[in-house]
Amino acid sequence: MDLALLVNPAARGGRTLRLLAPLVRRLRQGGAEVSVIVGDGPADALDRACTAVAERPDALVAFGGDGLVHLAVQAVAGGEVPLGIIPAGTGNDFAAALGLTGRDPVKTILRGRARAIDAARVGPDEWFASVVCCGFDSRVNERANALTWPPGMAKYLLAAAGELRDFRPIPFRITLDGRVVEQEAMLVAVGNTRSYGAGMRICPTAEPDDGLLDVTILGAVGKGAFVRSFPRVYRGGHGAHPAVTMLRARTVTLEAPDVVAYADGERIGPLPLTCAVSPGALRVLI
């Protein structure tokens, strides 16, 4: 196999880099030709990944977490080169959705079996593979990204506490295949797969190959009720809450004032934005 290995040198605080040499050695021992791609930043890494994909390797392999997978998807979605994933991030939700965690990723890559799944556009020129979020959760992301301490998931817990203090329900206008829903909500998530944020099953019934996007709307609730009910999201049990609505559509337009959307954990930009599924647009090694 001819593999282009895309690496995030900052994954897990740089600890992933220590695993790079033995990983490459195992892939080469398995008969693969491996070229390593490390960018000087996200834009440079994407340019290098696109250049590598243009050479038509047998796979572009993302060695990192959901953020790196998101970047790799920009290079391969809609094309013939499959995506391989070696989960090595703080959150590996996309890999988990495809059953890739808890297995030997090198064997998976070397086996070379590709599965076609859906990907989706968000806005005019960005792909996403797992979940678009906007509302309380995206504001937590905004707040966390402005913090330099503490590291890891603790930063998000601190940001969530700060955001909860100031948060007010947001007036959303959501258009699903032409049907309009207008309501105040704490958050809205659009999922191609079920989870985000290292295991929160926000769209628990989402399937990555059904040609549909799952939409979860958490309506306006008091802060106390929000804090009590939110932990249910880790097992996907929040759908039973009366303030939660779950819908499906092929195209979803989100509108709300002063709200920024995140996709696969990466900042996309302010609403309004349209998400549109593209069935079978992504081939992944499983």
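Leaving aside neighbours within four places in sequence, T175 is in contact (heavy atoms within 4.5 Å) with V180, T251, V252, T253 and E255. The model is predicted, local features need pLDDT of at least 70, side-chain atom pairs count only at pLDDT 80 or more, and totals for chains, interfaces and linings use all residues. Residues are numbered from 1 along each chain as its sequence is written, and side-chain values use heavy atoms, with hydrogens and water left out.

T175 belongs to strand 8 (residues 170–176); strands (E, at least two residues) and helices (H or I, at least four) are DSSP runs numbered from the N terminus. With a relative accessible area of 19%, T175 is buried, where buried means under 20%, exposed over 50% and partly exposed in between (1.4 Å probe, protein chains only).

L83 is located in strand 4 (residues 83–87) and is likewise buried, at 0% relative accessibility. Apart from residues up to four places away in sequence, L83 touches L60, A62, V69, A72, V73, V76, F94, R283, V284 and L285. Between the C-alpha atoms of L83 and G135, which are 52 residues apart along the chain, the separation is 30 Å.

R111 lies in helix 5 (residues 105–111) and is partly exposed, its relative accessible area being 46%. On the surface, R111 joins R103, K107 and R113 in a patch of positive charge. Patch members have over 30% relative accessible area and no salt bridge, with like charges joined within 9 Å and nonpolar side chains (Val, Leu, Ile, Met, Phe, Trp, Tyr) within 5 Å. A salt bridge is a side-chain nitrogen of Lys or Arg within 4 Å of a carboxyl oxygen of Asp or Glu. Lys and Arg count as positive, the charge being placed at NZ of Lys or CZ of Arg. Accessible areas come from the Shrake-Rupley method with a 1.4 Å probe.
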